[in-house]
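Reader: Before I rely on the labels attached to a model, I would like to hear how each one was reached. Could you take me through them?

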Amino acid sequence: MRRTYSQIDMDERRRIARWRAAGLSATVIAEKLGRHRSTIFRELKRNAFEDPQMPDLSGYYCVTANEMARERRAKLRKLARFSHVRQSVIERIMHGWSPQQIAGRMRLERHPICVSYETIYKFAYSADGQAIKLWRHLPERRARRRPRHARRRHGRRFSPELNILHRPDAVAERKQFGHWECDLIQFRKKFGKANVTSLVERVSRFAVFLRNNDRQSKPIMDGLIEVLQPLPHAARRSITFDRGTEFSEWPYLQAGIGTQTWFCDPQSPWQKGTVENTNGRVRKWLSREVDPLSISDGELKDICDRLNSTPRKCLGYRTPAEVFRKKLLAQMRRVG
């Protein structure tokens with residue numbers, strides 16, 4: 001049967017409900033309706049009625065399903081019907097606001113016509129949004145939105161107690177030696193998932209670079225442990241990361257060498273500006289066009305030595321290596 005690509009209507013929903021009650025599978029229903037089976041699976045998932053108090057009443061009912069679909073489309077149509085709301089949303093997206101921020105601000109301002117952040121995302125990826133390339137201004141700058149099942153939430157992997165807001169002032173103000181920042185230096189996708197770990201001490205700006213074959217978190221943490229373990233604990237007090245999944249094995253790092261971890265707010269790499277600045281400097285030798293697998297450990301060490309032996313204005317024109325050595329010796333004397 002020829003497949004159709006129009007919206008599912010009430011007549012089809014009646015048949016879906018009848019066939020579903022008769023025990024037919026979604027695949028068989030799709031064949032009968034001339035629909036793709038994913039369309040039927042999606043219809044059953046999105047528009048099924050659920051009653052947490054009385055689960056026996058849960059199921060797919062044509063009238064309820066049709067009403068749920070109508071309400072969902074009505075929300076999206078707000079941006080089509082109300083030009084001033086649509087223009088306000090577009091302007092705020094182009095000024096760098098995320099859909100969550102726009103929707104939240106609307107509620108705070110008690111806007112007479114509010115839309116959810118999901119509606120704003122759908123508009124940005126609709127034909128109208130694609131026509132003006134709104135996706136370029138979204139936080140992740142993806143030309144195509146990932147399927148919902150692929151949008152994983154990572155917030156629970158990073159305990160709220162480890163938020164950078166709780167980091168001591170002595171760390172933020174660079175008054176104490178031994179606090180580091182960490183990031184990954186990425187390269188073109190054609191080179192695969194290989195990357196370089198960038199680790200920088202906040203006071204001395206001393207940098208260490210480690211090559212990784214992929215972005216798996218545990219091997220990255222193993223590399224950090226190997227580098228930092230020989231140092232006295234006072235020289236490896238903490239590391240500040242962003243919330244990338246490559247840093248999700250932070251408990252393994254803490255258990256290995258006892259180094260405290262802190263995490264930036266979501267999508268706020270500027271909060272670890274020391275390592276971000278260092279990554280910008282090292283691009284002179286590690287541009288995105290370089291294949292990271294072609295760089296030997298010796299070459300990576302040479303790049304590291306060049307960076308650490310370059311005088312810095314913020315250090316009174318001393319080099320990171322000089323400052324790091326002086327601070328490290330001072331810590332070792334105290335321990336001795």
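Author: What follows sets a few values beside the definitions they rest on. This is a predicted model, in which local features need pLDDT of at least 70, side-chain atom pairs count only at pLDDT 80 or more, and totals for chains, interfaces and linings use all residues. Residues are numbered from 1 along each chain as its sequence is written, and side-chain values use heavy atoms, with hydrogens and water left out.

Reader: Why is K133 called partly exposed?

Author: Buried means under 20% relative accessible area, exposed over 50%, and partly exposed in between, with a 1.4 Å probe and protein chains only. K133 has 38% relative accessibility, and therefore counts as partly exposed; R174, at 30%, is called partly exposed as well.

Reader: What is the value of phi at K133, and at R174?

Author: Phi is near 55° at K133, a positive value in a residue other than glycine, and near 60° at R174, also positive and also not in glycine. Most residues other than glycine have a negative phi.

Reader: How do you know that the span of helix α1 agrees with what is expected?

Author: Helices are DSSP runs of H or I with at least four residues, numbered from the N terminus, and the expected span is 1.5 Å times one less than the number of residues. The twelve residues of α1 (residues 10-21) should therefore span 16 Å, and the end C-alpha atoms are 16 Å apart, which agrees. In α1, the buried residues include I16 and W19, and just after α1, G23 takes a positive phi of about 90°.

Notes: Helix = DSSP H or I, 4+ residues; strand = E, 2+ residues; numbered from the N terminus.
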